[in-house]
Amino acid sequence: VQSDYLKLQNEKESNARSYPRHFPLVISKAKGITVTDTEGRNYYDCLAGAGTLALGHNHETVTDAIRGVLDQQIPLHTLDLATPLKLAFMQELLSILPNELKDTAKIQFCGPTGADAVEAAIKLVKNATGGKSILAFQGSYHGSTQATMAMSGNLSKKQHLQSLLPDVHFLPFPYEYRCPFGMGEGMTAKLSAQYIENLLDDCESGIALPCGIILETVQGEGGVIPADLEWLRQLRRITSERGIPLIIDEVQTGIGRTGRMFSFEHAGIVPDVIICSKAVGGSLPMAVVIYKEELDQWQPGAHTGTFRGNQLGMAAGLATLRHMQEQNILQNVQLRSGQFMHRLEQLKGQYAEVGDVRGRGLMIGVEIVDPAGPKDRLGHYLQNGALAASIQHECFNNGLIVEVGGRHSAVIRFLPPLNITEQETAAVLGIFEKSVQAAIA
Ligand code: PMP
């Protein structure tokens, strides 16, 4: 039966889809971290809706909330019109913000994808500052629409589509392991901050007045690259001193993924604009931009869209946020992160193919390298995307779903539900090690 479904999908669905290529399964049921295919096989899902399923599949808190909307005949869609549920969701979202933003921040519902929220954020800051150019980072990912692709730093995927949008300038991200300056040894972040400051002060550079600077504090699709926290503080200082809005794309990192509600909290900074999607809707489509009130200078209708008033998403998002706080899910993220990192670091010591292990919270990446090949200028073996794909394939055969990303798709990415247990983590790590062994044998 499963092969019939897959045949139909291959024949009828566009080639632009990606996940089915890695995971030839047809899912019929899912609960917690487990998905079950039509043949009854179980898999640990460490892709978790690309980080969307904060509480895993079909958590009772979320399903009860969705059922409640239906039972109470709450309208499913209201565009921008108010409902008690919408107001409760907004209040909850504001309540988890840093103190500086709690009472004053504005929320723009978008929708419902992350990319649409990124588009809205850029429009917002263009409007408020009059600046035209946007500063973004090498290796970043902000979406698949034309403008968000223009701001994403993975050039190979968009080369044939150029030109998408003018006026995007890319800055070096502090990717310590593959230092863009060829330096390493703790220099990457320092040099990147100095580079950005010099560039902004060079009035001949042509980008002296950007409308904003957009970044992920941990690049996700770019290969799970956490930004140095002091670098983030420097970036905040540099942008504040020059009046440039700092936009943090929390689409993947936000809502607890890194062990704090928002990933910028690790650095103790407060951005001007926060972009949220994925987990914010409790696994249902939802995207919001949260921003400082002084940026709120756009006119009614400046960013419209039909699917902004999705009450199911608000109910699921509200239930998820409340549950996370009641159950101290952030603490679990920190504990399980430690468990992952500890074992993965051991594997790095055991297998030369495991080049780098990094992450923040439950956003974890393992960069796979080729120890039989040449080294880069920093003395690290080059990325081995083919081996990463084999490891991913072995994982899948052993009942574990993990995604790959980064340069040459050589980084295995773990994005498990945030309530993953100690035992589940141990099981995932066991399968991963077995799969690494099988792939390199
Ligand atoms: N920003 C980041 C950081 C993301 O990881 C993603 C999706 N992976 C997006 C934006 C785009 O979100 P969506 O796919 O919902 O458009």
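How many nonpolar, polar and charged residues does the shell around the ligand have? The legends below address this question and other details of a predicted model.

**Figure 1. Residues around the ligand in the predicted model.** By class, the shell around the ligand has 5 nonpolar, 7 polar and 3 charged residues. Of its 15 residues, those that come nearest to the ligand are Thr113, Gly114, Ala115, Val251 and Gln252. Helix α7, spanning residues 114–129, supplies the largest share of this shell, namely 3 residues.

**Figure 2. The cis peptide bond between glycine 111 and proline 112.** Omega is about -5 degrees for the bond that joins these two residues. Proline 112 belongs to the loop between β4 (106–110) and α7.

**Figure 3. The chain as a whole.** The chain has 14 helices and 17 strands. Its radius of gyration is 21 Å, close to the 22 Å that the globule rule gives for 441 residues, so the chain is as compact as a globular protein of that length. Taken along the principal axes, the C-alpha atoms fill a box of roughly 60 × 60 × 45 Å. Buried residues account for 48% of the 441 residues. Among contacts between residues at least 6 apart in sequence, 71% join residues at least 24 apart.

**Figure 4. Packing of helix α9 against helix α10.** Two packed helices are described by the angle between their axes and the distance between the axes. Helix α9 (residues 188–201) and helix α10 (residues 229–242) pack at an angle of about 10 degrees, and their axes are 9 Å apart. An angle under 35 degrees counts as roughly parallel, and α9 and α10 are therefore roughly parallel to each other. From α9, the residues Ala189, Ser192, Ala193, Ile196, Glu197 and Leu200 meet Glu230, Trp231, Gln234, Leu235, Ile238 and Arg242 of α10. By class, this contact has 7 nonpolar, 2 polar and 3 charged residues.

**Figure 5. Surroundings of glycine 406 in the loop between β16 and β17.** The two strands that flank this loop span residues 403–405 and 411–414, respectively. Glycine 406 counts as buried because it has 26 C-beta neighbours inside 10 Å. Leaving aside residues up to four places away in sequence, glycine 406 touches Gly222, Gly223, Gly365, Glu367 and Val411. Threonine 148 is 258 residues away from glycine 406 along the chain, and the C-alpha atoms of the two are separated by 17 Å.

**Figure 6. Surroundings of glutamine 392 in helix α13.** Helix α13 comprises residues 385–397. Glutamine 392 has 23 C-beta neighbours inside 10 Å and therefore counts as buried. Its contacts, not counting residues up to four places away in sequence, are His22, Val402, Val404 and Ile412. Between glutamine 392 and leucine 79, which are 313 residues apart along the chain, the C-alpha separation is 41 Å.

**Figure 7. Glutamine 73, a residue other than glycine with a positive phi.** Phi of glutamine 73 is near 55 degrees. This residue is found in the loop between α4 (60–71) and α5 (84–95). Glutamine 73 counts as exposed because it has 7 C-beta neighbours inside 10 Å.

**Figure 8. Isoleucine 255, a residue other than glycine with a positive phi.** Phi of isoleucine 255 is near 55 degrees. The loop between β10 (246–249) and β11 (273–276) contains isoleucine 255. With 30 C-beta neighbours inside 10 Å, isoleucine 255 counts as buried.

Conventions
Residues numbered from 1 in each chain as written. Predicted model: local features only at pLDDT ≥ 70, side-chain atom pairs only at ≥ 80, totals over all residues. Helix = DSSP H or I, 4+ residues; strand = E, 2+ residues; numbered from the N terminus. Buried ≥ 20, exposed ≤ 12 C-beta atoms within 10 Å, placed from the backbone. Contact = placed C-beta atoms within 7 Å. Near = placed C-beta within 6 Å. Nonpolar A, V, L, I, M, F, W, Y, C, P; charged D, E, K, R; others polar. Axes fitted to C-alpha atoms, helices over the stretch in contact; angles between N-to-C directions. Parallel < 35°, antiparallel > 145°, perpendicular 65-115°, else oblique. Rg over C-alpha atoms; globule rule 2.2 N^0.38 Å.
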